[in-house]
Amino acid sequence: MFDFFYKRSYLLYSIIAGFFVLGVYGLITMPKNLFPDSERPTVIVMTQVPGATPNVVAASVSKPMEQELSTLSLIRQVSSTNIAGMSIVTAEFEYKKGLDPAAVDVNNAINKVRGKLPPGTNPSIYTAGSFVLPVDVFALSPANGEMTIEDVRKIVESDIKPALLRNSDIGNVEVFGGFQSAISINIDPFAAKSNGIALSTIADRIRALDRDIPIGFSKGADRFYTITFYGEKTSVEGLKMVPVALNVRLGDIADIRWEHQKRFSGYLGNGAQAVALAIQRAPGGSVLTTSKAARAEIEKLKIRYPNIRFQLSDTQRILIETANTNMLEALRDAIIFTLLVILVFLGNFKAVLAALASIPMVFFGTIAIIWMTGGELNLIIYTAIILALGMLVDDAVVVLENIERHLTELKEELSVAVVRGTKEVISPVFAGTLATIAIMFPFLFVGDFPQQIFRPLISTLIIALLVSYFLSITFIPSMCLFLYRNGTRKNRIEIWLEKLYKNTFGRLVGPYLFILKFSAGRWSLFRRIVMTLGVVALLVSYLLYSCFFGKRIMQMAHKPLTIQGL
């Protein structure tokens, strides 16, 4: 690989420049979230059963669904929540299943059991995960007295929500709060009984108008039976004329009004009653992209509806932007401190320049590969790059130092020193890189939830190490032709730093060399065994001391405190 790219420098620079540009583009355009999606594939089935008690909902809807869903492959857990008029069944699958196949399997299972469900029930299937958390929440309320909160809810469901969903960057929009319009039919039980009309007969006549519209029942405190008909306001006069018996119309035995559905919850946005628009991203989508798209659409809707006040009441965007900014700042600081450490220990500005050039190349090269493989940016990815930063410059420094050794100690010409110095360390550098990857590689397959967290971390580390190895044996030798074109002479600062190192950390080199010579002398095997046993003894002693010291601290922490007077 070295010979191929060393002889084709223009090809090398083109590849590096290409990855650099792709990395910059990926850094700008890649999805940016707080954490990777690590939840198990979860599908929720919600079914409305108007008028049914929780026990009836559980027996007639949830139980048949749970029995059918529990037979699906790779199912992990099935549970249900039953409230008055509503069944919520949750199916959780193993990671191998995948979210889309899980949704398809649940849909097929519900179709099988549909015949066992009460007539008129229509289950709705939803996928769940971290992507359902609202990216932005907008509070919509009347801007003046010309509109009520009920009118706002109607406009939101009929026009504003569809307008937002037409944007491909928005995954879903949930609407809650305010009042949902409905027709309330208050039946006088005495009038119905005197005409021999049963409540079920009235409900059947209303259902005959539109079987797809749900109907709810309740009994008020004034002993009136109430039927909530989820129809339009224009249907009120028509309902009054519906015949329920011979010469008896619905309006004769009931008070029909245009009201709203019974509410079990509400929403206060910025301290006022409002209708909430919860903007959600698609699975694998970007919080920032979805937020930008939603806010752009809201600005258009403000012009279309001047009578509605649009206010942002909650957002993830600030947290994501702050987290991404902080991680980039931490990466900047890590680069600065790495360069300072290299400068102090090596006393070589050329090594600093080589590291300074290779770190951005490695960073953007890694980002480019992540972008090409369909990845995203989050705290885990940034953390992996920061963790790898110390290892990224190792390869470059080893190659550069060996090339300098050939120039200073062996007195070789620059081109010869670059070739021979690089080839000498290619195998050790590759072995070190491969050994590091081999240690981390099993974490990619630990399984279950830990694998979902470790995989982006370890895969990013591996990519960064491979990119670093490639640059160290291709880009750094080419760069050395420029760095050492005027020789290896050091300036005063480098000489001073070299003396400082020799008088401080450099003193540790002598004992280290003595240990190496001791282990390689006569009876080397015996000496290595003695050294190994000594290291093990020190380790055991340290562990015993740590356990004893920690136990003493715990005893002191639990010891009661006594205060003695003078």
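**Exercise 1.** Determine whether glutamate 498 is buried, partly exposed or exposed, and find its salt-bridge partner.

*Solution.* Step one concerns accessibility: glutamate 498 has a relative accessibility of 27% and therefore counts as partly exposed, given that buried means under 20% relative accessible area, exposed over 50%, and partly exposed in between, with a 1.4 Å probe and protein chains only. This is a predicted model, in which local features need pLDDT of at least 70 and side-chain atom pairs count only at pLDDT 80 or more, whereas totals for chains, interfaces and linings use all residues. Residues are numbered from 1 along each chain as its sequence is written, and side-chain values use heavy atoms, with hydrogens and water left out.

Step two is the partner: glutamate 498 forms a salt bridge with lysine 502, their closest N and O atoms lying 3.6 Å apart, where a salt bridge is a side-chain nitrogen of Lys or Arg within 4 Å of a carboxyl oxygen of Asp or Glu. Lysine 502 is exposed, at a relative accessible area of 52%. Step three places the pair: the two residues are four apart in helix α16 (residues 492-503), and so are separated by about one helical turn. Helices (H or I, at least four residues) and strands (E, at least two) are DSSP runs, numbered from the N terminus.

**Exercise 2.** Establish which parts of the chain are tied together by the salt bridge between aspartate 37 and arginine 281.

*Solution.* The structure holds 15 salt bridges, and in this one the closest N and O atoms of aspartate 37 and arginine 281 are 2.8 Å apart. Because aspartate 37 sits in the loop between α2 (9-29) and β1 (42-48), and arginine 281 in the loop between β15 (275-280) and α10 (287-304), the pair ties together parts that are 244 residues apart in sequence. As for accessibility, aspartate 37 is partly exposed at 31%, while arginine 281 is buried at 6%.

A further salt bridge joins the side chains of aspartate 333 and arginine 332, at 3.1 Å from N to O. Aspartate 333 is partly exposed, with a relative accessible area of 31%, and arginine 332 is likewise partly exposed, at 45%.

**Exercise 3.** Locate lysine 411 and aspartate 448, and describe the phi angle of each.

*Solution.* Lysine 411 belongs to the loop between α13 (379-408) and α14 (414-440), and its phi is near 55°, a positive value in a residue other than glycine. Lysine 411 is exposed, with a relative accessible area of 67%. Aspartate 448 lies in helix α15 (residues 448-483) and has a phi near 55°, again positive in a residue other than glycine. Aspartate 448 is partly exposed, at 36%.

**Exercise 4.** Work out which helix gives the most to the lining of the largest cavity, and how the lining residues divide by polarity.

*Solution.* A cavity is a set of points, on a 1 Å grid over the protein atoms alone, where a 1.4 Å probe fits but cannot get out, and its lining residues have an atom within 4 Å of a point. The count comes to one cavity of 30 Å³ or more, and the largest has a volume of about 30 Å³, a volume being the space filled by probe spheres set on the points, which are joined across faces, edges and corners.

The lining consists of Ser358, Val362, Leu392, Ala396, Ser468, Leu471, Ser472 and Ile476. α12 (349-372), α13 and α15 each supply at least two of the lining residues, and α15 gives the most, with four. By polarity, the lining divides into five nonpolar, three polar and no charged residues, where Ala, Val, Leu, Ile, Met, Phe, Trp, Tyr, Cys and Pro count as nonpolar, Asp, Glu, Lys and Arg as charged, and the others, Gly among them, as polar.

Note on methods: On a 1 Å grid over the protein atoms alone, a cavity is a set of points where a 1.4 Å probe fits but cannot get out, and a pocket is an open set with protein on both sides within 12 Å along at least five of seven lines; lining residues have an atom within 4 Å of a point.
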